[in-house]
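Morning, everyone. Let me put the structure up, and then we go through it piece by piece.

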Amino acid sequence: MIQLSDLSKRYGKLQVLNSINLSIDSGKITAIVGPNGAGKTTILKLILDLIKANNGNIRIDEKSIGNDFKYRQNIGYMAQIARFPENLTVKKILTMIKDLREGRYETLDEELIHKFDLKSEFDKQVKNLSGGNTQKVNASIAFLFSPEYLILDEPTASLDPIASSILKDKIKKEKEAGKTIILSSHIMAEVEELADEVIFLLEGNIYYQGSTKGLIEVTGEENLERSIARMMRGVEQ
Amino acid sequence: MKRDIIKIFKYEVLNILHSKWLILYALFFLLLTEGLFRLGGGVTKTSMSMMNVVIIVVPLFCIILGAMYLYNSKEFIQLLLTQPIQRSSLFWGIYFGLSIPLVISFSVGMGIPYLLHAFRSGQSISSFWPLLGNGILLTFIFVGISYLIAILFDDRIRGLAMVIGLWLFFAVIYDGLVLFLIYTFSDYPLEKPIIGFTIFNPIDLARILLLLKFDISALMSYTGAVFEQFFGSSLGIVLSFSALGLWVLIPLVLALHKFKYKDF
């Protein structure tokens, strides 16, 4: 379980998160939704300690993340835009990440590498990869060490429909295996398909946290997209 | 921690070795040094010319290439930060992965012509070693400064403007200011304050150390004599090398502190 308490983040004068409280259950898929600039990526990056909170704390499995970097052994992260050292080949990058985690993981999960057929791209330098293929490498790295927690920032945004389906199937499979998945997304159909829980974030505040079905029921709309749209209009008024 | 630093260092070197800039940098020193030897300059003349090249080009190249490289590897740093690695390990891995290839490129580029010359003519190349030593120190100093700037300024254009401005300040403007002071206060004995000013500029410090090593301080008349007396004494040597050491350390300590608490 991941618990965020009283978490605030400011960039200069811009308040991105206003003292939010959240708990993300283990073994579920939780989606963070909201418009651009709502603070979705900020939450994900705070959990990874990529950015530092101004206030509040984050606990993973009852342990405060503090300055202990080792907790990231249990996390796989897929950034919204991944760029790798452009002179290295795909193979070198995978070798490097494995090498860095040496002795810190139990099993390797190379399913995505096979399904995305990345082997044929192995000897290409990263600068010669297409955006979609770079994102496939990014996804494969996130799942590579079978981590307990998967944090996926707009995972399917730049993938083609085939790759996107492969990734979504993998996400579901990992959930079945008991993994905890947190993702952010703009695509409501995707959230509806995958997520058990939804967190609706707007201007740094949480307006809804609960089950996906619950949100649709509360708003009385026919699907998640319309429910979210209604909530956004409601907040504006 | 040490294991992680070495691993990051290894991959960074692997990446930077592909960079054509590193080869151009080595080639620049190779062709220039070899050219100076071939134009008939002996070891002393070549070293004198190379002194000016080393103290100007090494800082310029290291500070710009360092900043450019760090701005280009922002996403790579982000990827590594999501792995179970301590921020300080990543910091040192990147620093050495950047500075050591530059040191090697410089040393090989300038070293080959000197060694060839020593082999061909049988002359001693004792003036090569201080050049090499100072060049290496300047590399560590200016890569460190570029690292600090790249961490402080997220905006690449601002950062690059800043590093070029800093280089200009140390290489040109600082001396202008010191000259202005000397001119304004020409009625007063200024030799000692100038020794003080020198310590605050790594390029000047390297220049003075080299001038004294090449034993041409006589060209600087009375000032030269005061300098020789100070920098030639054991206290002076200890102080000036400590100052250069601090020039390596201080930007790095500040950069490390910033890096540990930075948002990526």
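In which sense do β4(A) and strand β5 of chain A pair, and over how many bridges? They pair in the antiparallel sense, over two bridges. Strands are DSSP runs of E with at least two residues, helices are runs of H or I with at least four, and both are numbered from the N terminus. Two strands pair if DSSP finds at least two bridges between them.

Ground rules. This is a predicted model: local features need pLDDT of at least 70, side-chain atom pairs count only at pLDDT 80 or more, and totals for chains, interfaces and linings use all residues. Residues are numbered from 1 along each chain as its sequence is written, chains are lettered from A and ligands numbered from 1 in the order written, and side-chain values use heavy atoms, without hydrogens or water.

Back to chain A. β5(A) covers residues 63-64. A:Ser64 there stands opposite A:Arg59. The two strands form a hairpin, with two residues between them. In the turn, A:Asp61 has a positive phi of about 50°. β4(A), residues 55-60, is also joined to β1(A), residues 2-11. That pair runs antiparallel, with five bridges. A:Leu4 faces A:Ile58 across it, standing opposite in β4(A).

Now chain B. Helix α7(B), residues 156-184, has 29 residues. From first C-alpha to last it reaches 39 Å, close to the expected 42 Å (1.5 Å times one less than the number of residues). A kink of about 50° is centred on B:Phe169; the bend is the angle between axes fitted to the seven residues ending there and the seven starting there.
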